[in-house]
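Dear colleague,

I am passing on the structure we spoke about, a predicted model. Please look at it alongside the notes that follow, which begin with helix packing and then turn to the interior and a few single residues.

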Amino acid sequence: MSANPQWDISRALRVARLFHLVCGVRDACVTPFLTLYLQQLGLAAPWVGILMGTKHLIAAFWAPFCAFLSRSHQKRRVLMTASLLGSAGASLFMVLVPALDRDPGHRRCNGSHSLTAEGPPPGVALTVTVTLASEPASNSPAGVLSLPGARSSGVAGTRGFGEGPGESGQEPFSYPPGSSVGSTQGTRNRSGVLLHPDTPGMTGSPHEGAFRVVSPPLPLSAGGTALASPANQSAAEGDGRALGLSLEGQQWTFILSLGSTVLWELLTSPLEQVADDSLYEYLDFVDATDRYRSLWVWRLLGTSVGVCGIAALVGPLDCFLATSGPRGVVHFYGYSLVSALALLVSIAFPVPVCRRQEPSYRTGKALSLVVSDPHLTVLALTIFLTGGATSAVQNFLFWQMKDHGSSELTMGFSVALGLLGEIMLHPFKAPLLRKLSRVGTLGLGLGCLAGQLLYYSFLWSWWSVLPAQILSALSHGALWWAVSTSIEHLATPGTERPLSAVFRGHVCGSGASLGSFVGGFVVMRFSLPVLYQACCVLLLLWLALFLSIQPRLPQERKINYSKLLAVEASDTSDSEQGTERDWLVKAMREEHSDWRG
């Protein structure tokens with residue numbers, strides 16, 4: 001076998017493992033941190049939701065179409081090369097998108113090459129949340145906030161300034177994580193703009209170093225929730241911009257971000273499916289598809305290494321590059337560099353040169369099977385809702401972690417913790433499915449995901465997200481184990497891979513797209529904790545419905561192989577030629593002969 005380089009299976013698997021590892025690092029450079037970068041550009045939650053929803057929608061339907069075209073025209077290697085080159089260039093377009101705040105933070109580098117915030121220059125307004133004693137509701141204008149004459153005292157009284165881009169030329173003042181002001185009983189928060197002591201508008205001020213509240217730029221959130229609390233800080237920053245896209249600069253930022261994201265996703269989404277189909281067919285020619293099942297581990301390992309590595313490099317390299325835009329451009333530079341490495345590996349990636357008579361990816365037949373089989377229909381609805389709930393975590397969890405003072409390294413470590421937990425739990429896949437059954441394992445995954453969402457709504461510190469990430473091994477890993485096993489049992493011959501692709505691509509991607517669209521507006525109207533709690537309630541309701549309808553579904557049809565063999569042995573009316581044409585009878589006959597021998 002190894003004498004012919006076309007069928008060198010060991011070499012092909014080594015290259016495939018390396019390719020999956022590099023692609024995992026490549027995806028981890030940008031994908032987990034993309035919504036955080038969009039927030040730093042100045043986009044509010046609804047527009048980030050629209051961007052991410054569009055991204056998921058393109059991946060759900062464009063990737064299968066490109067995979068079909070590349071297979072039909074025998075252009076798989078060409079498409080892989082074009083995808084790697086094009087996505088590396090398209091990702092750099094995101095760096096060129098102008099932020100709403102052109103000079104965020106007046107950053108400077110100290111001796112340890114970390115980014116710090118300088119005080120704003122004279123004439124720059126500061127946004128602050130002023131806590132006043134409780135008083136009857138009225139429309140009285142904001143008054144004057146006088147602080148002691150010493151400037152240091154004035155600075156000490158400005159705790160609670162929100163991080164993130166300012167609005168209308170206002171410059172935010174950032175304080176270390178955890179210094180935000182929480183709301184207490186008997187007080188209420190009012191947002192205002194404080195003028196710097198050296199501002200001309202403060203001429204004649206009775207106290208040197210005093211600050212004056214001139215206008216409240218941000219309204220209170222619905223229900224009177226304090227916008228300065230960490231759970232709502234991101235929503236507060238976005239409320240002032242959420243409906244303000246009429247301004248020319250904000251329109252251009254959103255339009256350019258949307259165009260760059262669409263182009264980038266069109267180029268990068270076909271790569272994974274084309275590579276997987278190529279490798280599977282390559283191994284299928286020599287009946288070695290069983291070795292294909294373990295390659296997913298390498299992608300998860302690459303993602304774990306990449307998400308921690310790029311997060312550790314963001315601070316020092318952002319300081320070294322001294323960019324005037326938002327933090328995070330290093331993510332896109334790293335993505336481009338790793339794409340170039342993946343391009344070199346793809347040169348040796350196994351792509352079959354032969355073409356089978358029958359297509360291996362039959363989407364139409366798989367979709368008709370989902371519609372006709374009630375078990376698959378219920379499973380598809382479950383994956384659709386799971387995709388929508390998962391998108392809420394992927395899109396906005398880092399926003400909440402940032403509000404609680406988490407660094408990007410902590411965010412990356414939280415992602416890696418979930419992926420490594422899934423890898424370590426995999427040896428228990430068979431015992432878990434055997435003890436709980438497919439339905440029980442699926443219910444366990446849904447319950448763990450609902451528990452995670454509920455836990456996320458009550459985060460209290462920068463590290464509090466880490467314990468919940470351990471549940472990702474069950475909420476993602478165990479859930480998809482049950483889905484894959486169900487597909488194997490319910491699929492008709494030749495439709496296992498098409499069904500799996502439909503569930504992971506079309507169904508889950510469509511759910512993630514809808515969840516992103518809706519989730520952004522929920523965050524704008526309410527808050528991130530409300531979004532997580534709503535998703536938790538939705539999953540628990542569906543879990544109860546899913547378990548209650550299982551006994552009412554028709555029984556799965558099972559093939560009695562021993563009875564089939566007995567019928568085949570006693571049936572003498574069929575001709576030998578007709579029996580040989582029946583692939584199932586032939587396979588069972590050969591298996592029976594081998595067993596007797």
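Helix α15, spanning residues 429-456, packs against helix α17, residues 472-490, with the two axes 7 Å apart and at an angle of about 130°. An angle over 145 would count as roughly antiparallel and one of 65 to 115 as roughly perpendicular, so α15 is oblique to α17. The crossing in which α15 passes α17 is left-handed. On the α15 side the contact is formed by Lys429, Leu432, Leu433, Arg438, Thr441, Leu442, Leu444, Gly445, Leu446, Cys448, Leu449 and Gln452, and on the α17 side the participants include Ser472, Leu474, Ala478, Leu479, Trp481, Ser486 and His489. Sorted by class, the contact between α15 and α17 comprises 13 nonpolar, 8 polar and 2 charged residues.

The same α15 also meets helix α19, residues 528-549, where the axes come within 8 Å and cross at roughly 160°. Because of that angle, α15 is roughly antiparallel to α19, and here too the handedness is worth recording, since α15 passes α19 in a left-handed crossing. Among the residues that α15 brings to this contact are Val439, Leu442, Gly443, Leu446, Leu453 and Tyr456, and they face a set in α19 that includes Tyr532, Cys535, Cys536, Leu539, Trp542 and Phe546. The class division for α15 with α19 is 17 nonpolar, 3 polar and no charged residues.

Helix α19 has a further partner in α13, and the axes of α13 and α19 come within 10 Å, crossing at roughly 160°. It follows from this angle that α13 is roughly antiparallel to α19, and α13 passes α19 in a left-handed crossing. From α13 the contact draws on residues including Val378, Leu385, Ala389, Val393, Phe396 and Trp399, and from α19 on residues including Leu528, Tyr532, Cys535, Leu539, Trp542 and Ile549. By class, the contact of α13 with α19 holds 19 nonpolar, 2 polar and no charged residues.

A residue that may help you to connect these helices is Thr386, which sits in helix α13, residues 374-403. Thr386 has a relative accessibility of 7% and therefore counts as buried, and, once neighbours within four places in sequence are set aside, Thr386 is in contact with Leu446, Leu449 and Leu479. Leu446 and Leu449 belong to the α15 side, and Leu479 to the α17 side, of the contact between those two helices.

Turning to the interior, the largest nonpolar core has 109 residues, of which Phe19, Phe349, Phe396, Leu453, Leu499 and Phe503 touch the most other members. Helix α13 supplies the largest share of this core, with 13 residues. Leu499, not counting residues up to four places away in sequence, touches Ala366, Leu369, Val370, Leu376, Ile487 and Ala491. Another core, of 5 residues, lies apart from the largest one and has Leu432, Ala473, Ala478 and Trp481 among its members.

For the protein overall, there are 22 helices and 4 strands, and buried residues make up 49% of the 597 residues. Of the contacts with a separation of 6 or more, 81% are between residues 24 or more positions apart.

One instance of two residues separated in sequence is the pair Ala63 and Gln273, which are 210 residues apart in the chain while their C-alpha atoms are 6.8 Å apart in space. Ala63 is placed in helix α3 and, at 4% relative accessibility, counts as buried. Leaving aside neighbours within four places in sequence, the contacts of Ala63 are Ile58, Ser269, Pro270 and Gln273.

Finally, two residues deserve a look for their backbone angles. Gln74, although not a glycine, has a positive phi of about 55°; Gln74 is found in the loop between α3 (45-72) and α4 (76-91), and its relative accessible area of 40% makes Gln74 partly exposed. Ser437 is likewise not a glycine and has a positive phi of about 70°, but Ser437 is found in helix α15, where, with a relative accessible area of 35%, Ser437 is partly exposed.

With best wishes

Notes: Residues numbered from 1 in each chain as written. Predicted model: local features only at pLDDT ≥ 70, side-chain atom pairs only at ≥ 80, totals over all residues. Heavy atoms only, no water. Axes fitted to C-alpha atoms, helices over the stretch in contact; angles between N-to-C directions. Parallel < 35°, antiparallel > 145°, perpendicular 65-115°, else oblique. Left-handed = near helix turned anticlockwise from the far one by under 90°. Contact = heavy atoms within 4.5 Å. Nonpolar A, V, L, I, M, F, W, Y, C, P; charged D, E, K, R; others polar. Buried < 20%, exposed > 50% of the residue type's maximum accessible area, 1.4 Å probe, protein only. Core = buried A, V, L, I, M, F, W, Y, C linked by side-chain atoms within 4.5 Å.
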